[in-house]
Amino acid sequence: MIGLIILLVYVAIFIVSFLIVRFLVQKTTTDYTALKTVTFGDESAVTSNRVASVVSVLTIFLIWGSFTGSVLIPRFLHAPGPFVGETSFTYTIETPEGARDDATIFVRVMGFGEETVKFEVPPGDGIAKDDAVAMPASRSTTIIYDKNDEVTRKDGARLVAIDGETIGPDIALNTDVGRFALTEKGAITFAPPKGLQMEPIWLPPPEAVVGRVIEIANDGYRDSTLWKHLGYSLFRVIAGFFFGALLGIPLGYAMGLSNWFRGWFEPIVEFMRPVPPLALIPLVIIWFGIGETGKIILLFLASLWIMAISARAGVSGVNITKVHAAYSLGASKIQILRNVIIPNSLPEIFTGARVAMGVCWGTVVAAELVAASEGAGMMIMVASKFQLTDIVLMGIILIGVIGFGIDILMRRLENLLVPWKGRS
Amino acid sequence: MSGLSIENISMRFDLPNGSSVQALKNVSLHLKPGELMSVLGPSGCGKTTLLNIVAGFLAPTEGEIRMNGHTVTGPDAERGMVFQQGALFEWMDVRGNVSFGPRMKGENEAHWGANVDHLLDVTGLGDFKDKAIYELSGGMQQRVALARCLANDPDVILMDEPLGALDALTREKMQGLVLKLWKETGKTIILITHSVEEALLLGERLLVMAPRPGRIHKEYQLPFADMGVNADLREVKQAQGYNDTREEILEMIWDMEEEIMGRTEDQK
Ligand SMILES: Nc1ncnc2c1ncn2[C@@H]1O[C@H](COP(=O)(O)OP(=O)(O)OP(=O)(O)O)[C@@H](O)[C@H]1O
Ligand SMILES: [Mg+2]
C-alpha cells in the first residue's frame with residue numbers, strides 16, 4: 001500500500017520535472033546535436049541529461065525524507081505521520097443482569113524513539129472504571145479494560161460498544177480514534193492511525209544515517225573505526241586483484257601465444273569462469289578459515305579468470321597486419337611481443353580490470369557478510385542482527401559510493417594509459 | 001643476381017572442407033633494383049597472395065623468391081611493406097611509428113634522428129611529429145606508413161593498395177609523393193592497385209594478372225611514371241598513348257570479371 005503510493009509519487013515527480021525542464025527551463029538547446037534532424041537511434045545524440053540526474057537524486061532523498069518524517073525537509077512535504085499524543089474513547093459494558101455502564105480509556109501515544117511511561121487517571125464512578133494506557137506510535141496494543149471494573153469478564157460482563165458504536169467478537173470497528181477489535185478472550189485491541197510514514201526500524205530518516213556515519217567515524221563500531229572497516233574491505237580487494245592480475249595476465253598471454261598453454265589451461269579457465277565467486281566462499285572458509293588469507297584467496301580467484309580471459313582476448317585480438325608490419329620492419333619475436341602485442345592488448349586488459357574490480361568489490365562484501373571480524377559487509381551484517389537499520393543503510397550507501405569511486409578511478413586511469421582505446 | 005626474382009611460384013590453399021584453391025600458378029618475373037612495377041587484376045586473382053609470399057608472410061607451395069641472390073624464407077627488413085590501413089601502432093606517436101625500424105635495430109637516436117625528421121618533412125608530417133595516430137586523417141596515416149617504411153631503408157617496398165582507402169584528391173597528391181620518393185630513393189617497388197589510372201601513372205612496368213588460377217596475363221613497359229616524376233600527373237594523363245593503353249587494360253580486366261561472374265552463375 002505505502003509502496004504503491006511511493007511509486008505513484010515517484011512517477012509523478014518524474015513526469016512533472018520532465019515537463020517543467022522541457023518546456024520552461026531548457027527550451028533552447030543550441031549545441032550541434034540540436035541541429036540534427038534525426039536523433040532517434042543516433043547514440044551520439046543521446047547524452048545523459050544533467051538536470052534529470054540531479055532531480056533524480058534529489059527525488060530519492062525527498063521521498064526518503066518525506067516518508068520517514070525527516071527534519072531535513074519542511075513539514076508540509078512530509079507524508080502523514082502516525083498519530084502521536086493523547087486520545088481517548090469510551091467503552092460500554094453489559095453485566096449478566098443486563099445493566100450497562102460507560103467508562104473512558106485515556107491513551108497516550110508516544111512518538112518514535114520516545115519511551116512509553118505508564119500513567120494514572122482517577123477511576124471515576126459507576127461499574128466500569130476509567131483506565132490509562134501508554135503505547136508507542138504505529139503499533140497496536142491490547143487493553144485489559146476491566147481490571148479495575150466492578151463487574152469483570154470473569155463475572156460474565158461483555159463489552160458491547162465503543163464510543164457508542166456496537167462492537168463484538170466478529171465486529172471490528174474503525175473510527176477517527178483508530179481501529180478497534182476484540183481478542184478471543186474479549187479484551188480490546190486498539191491501533192491508532194498509522195499514517196504513511198515508515199518506522200525508523202524499517203527505514204530511518206536520512207539524518208539518522210548521517211548521524212551514524214559521524215558517530216561510527218568517531219567512535220567506531222565493533223572495535224574498529226569506520227575507516228578501518230572500509231579500509232579492510234578495500235585492502236582485501238586490492239590485494240586479491242593484484243595477485244589475480246599478477247598471475248592472470250601472464251597466463252592469458254601464454255594462452256594467447258602458445259597452443260600447449262591454451263590447451264592445458266582452457267578447460268580450467270572455461271570451467272572456472274562461470275562459477276560465481278560467491279559459490280567458492282564455503283570452500284575457502286573450510287580450507288583457509290575466515291581470516292585475511294581466505295578472503296584474499298577468494299578475491300584472487302574471482303579476478304584471476306577474468307584477467308586471464310581478457311589478456312588472452314587482447315593477444316588474440318591483435319590485427320595481424322600490425323604484426324606483419326613489425327616483422328617486415330625487422331623486429332624480432334621478443335620485440336614484437338613487447339612493442340606490439342602487449343600494448344595492443346592493454347585496452348582489453350583494462351576492460352577486464354574494471355570488470356574484475358567490480359566483481360571483487362561485490363565478492364568481498366558478500367564474503368564479509370558470511371564471516372569476518374572487520375569490513376563493510378561484516379558491519380552491516382552485525383547491525384542487521386540488532387535491527388540497526390541506520391547502520392545497514394549507511395553501510396550500503398558507503399559500499400555503493402566506494403564501488404562507484406573505484407570504477408571512476410579505473411576509467412580515469414584507462415583514459416590516461418590507453419587513450420587510443422576504441423579509436424583505431 | 002641482384003634484384004628480386006619471383007621464380008615459378010605456385011600457391012594452393014587447402015580449405016578445411018577438403019577442397020582447395022589454386023591462388024597462383026607458375027608465376028615468374030624479375031625486378032631490377034630501382035624498378036617500379038604496378039600490379040592490376042580482378043578481385044581474387046592472387047595479388048595479395050603474391051605480395052605476402054614476396055614479403056615472406058606466406059611460404060609458396062612451389063617455387064621460391066630470391067632476393068639479391070639469397071632465398072627468402074620469412075619477413076625481413078630488406079623488404080618493407082605498406083598496408084592499406086590498420087598497420088600503424090596507435091600506442092606510439094607519429095615519430096615513434098616512423099622510427100620503429102631503426103629503434104628495433106637498437107640504433108640510438110643520434111643515428112636515426114636526422115633521417116626520420118627529414119622523412120617526416122618530406123611527407124609533410126613535420127608539424128605532426130608528436131600527434132597520436134588516431135588524431136590523423138586517413139591520408140596522413142598513409143604518409144606515416146610510407147615514411148615508416150622508408151625510415152627502415154629497405155631494398156624493396158611492397159604496397160598492397162596503399163591508397164585504396166583515400167579520397168580522389170588526397171590520392172592524387174599521394175601518387176605524386178610516391179613517384180617523388182621512388183626517384184629520390186631509388187627503391188624497388190611493387191604496388192598493387194585496383195585503379196587502372198594509378199597503375200598506369202605509377203608503373204614503370206605494369207603487370208596484369210588473370211584469375212583461376214592466378215597467373216600473369218600481360219605485361220607492359222610504360223613511359224608515364226618517368227614523365228610524372230617531373231610533370232603534373234594530370235598532364236601525364238593527356239600524354240600520347242595513355243588513353244589507348246587505359247582502354248585496352250580496362251577492357252581486358254572487364255572481360256575477366258565478366259568471365260568470373262558468368263562462371264559463378266553457372267555454378268548456381
Ligand atoms: N588464407 C587463405 N585461405 C584460403 N584461401 C585463400 C586465402 N588467402 C587467399 N585465398 C584465396 O586465394 C585467392 C586469391 O586471393 P587474394 O587475396 O590474393 O586476391 P586479390 O587479388 O588480392 O584480391 P583483391 O583484389 O580482392 O584483394 C582467392 O580466391 C582467395 O579466396
Ligand atoms: Mg588483395
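## Salt bridges and the model

A salt bridge here is a side-chain nitrogen of Lys or Arg within 4 Å of a carboxyl oxygen of Asp or Glu. By that rule, the count between domain 1 of chain B and domain 2 of chain B is one. The count across the interface of chain A and chain B is also one.

The model is predicted. Its scores are ipTM 0.88 and pTM 0.79. Chain B has an average pLDDT of 84. In that chain, 97% of the residues reach at least 70.

## Two domains in chain B

Chain B splits into two domains. Domain 1 is made of two segments, 4–78 and 158–267. Domain 2 covers 85–153. Taken over C-alpha atoms, the centres of the two domains of chain B lie 26 Å apart.

Contact between these domains involves 13 residues of domain 1 and eleven residues of domain 2. Together they bury about 1000 Å². Carbon and sulfur atoms account for 74% of that area. On the domain 1 side, B:Met174, B:Leu181 and B:Lys187 stand out: they supply 38% of the area that domain 1 buries against domain 2, more than any other three residues.

## Polar links between the domains

Which residues form the salt bridge between side chains, with N to O at 2.4 Å? They are B:Lys187 and B:Asp153. B:Lys187 is thus named twice: in this salt bridge and among the three residues that supply 38% of the buried area of domain 1. The interface between the two domains of chain B also has two residue pairs in polar contact, both residues being at pLDDT 80 or more.

Helix α6 of chain B, residues 168–185, gives the largest share of the domain 1 side, with seven residues. By class, that side of domain 1 has nine nonpolar residues, two polar and two charged.

## The interface of chain A and chain B

How many residues does each chain bring to the contact? Chain A brings 20 residues and chain B brings 23 residues. The area buried between the two chains is about 1900 Å². Carbon and sulfur atoms give 69% of it.

The one salt bridge across this interface pairs B:Glu90 with A:Lys322. Their closest N and O atoms are 3.3 Å apart. The rule for polar contacts finds five residue pairs between chain A and chain B, with both residues at pLDDT 80 or more.

Two helices of chain A, α8 (320–328) and α9 (333–370), each supply at least two residues of the side that touches chain B. The largest share of that side comes from α8(A), with seven residues. By class, the chain A side holds nine nonpolar residues, nine polar and two charged.

## Backbone details in chain B

Most residues other than glycine have a negative phi, and most peptide bonds are trans. Two places in chain B depart from this pattern.

One is the peptide bond from B:Arg212 to B:Pro213, which is cis, with omega near -10 degrees. B:Pro213 sits in the loop between β9 (205–210) and β10 (215–221) of chain B.

The other is B:Asn68, a residue other than glycine with a positive phi, near 50 degrees. Where in chain B is B:Asn68 found? B:Asn68 is in the loop between β4 (62–67) and β5 (70–71).

Key
Residues numbered from 1 in each chain as written. Chains lettered and ligands numbered in written order. Heavy atoms only, no water. Contact = heavy atoms within 4.5 Å. Buried area = accessible area lost by both parts, 1.4 Å probe. Polar contact = N/O pair within 3.5 Å; in protein donor to acceptor, adjacent residues only side chain to side chain. Helix = DSSP H or I, 4+ residues; strand = E, 2+ residues; numbered from the N terminus. Nonpolar A, V, L, I, M, F, W, Y, C, P; charged D, E, K, R; others polar. Domains from an automatic or database assignment. pLDDT = per-residue confidence, 0-100.
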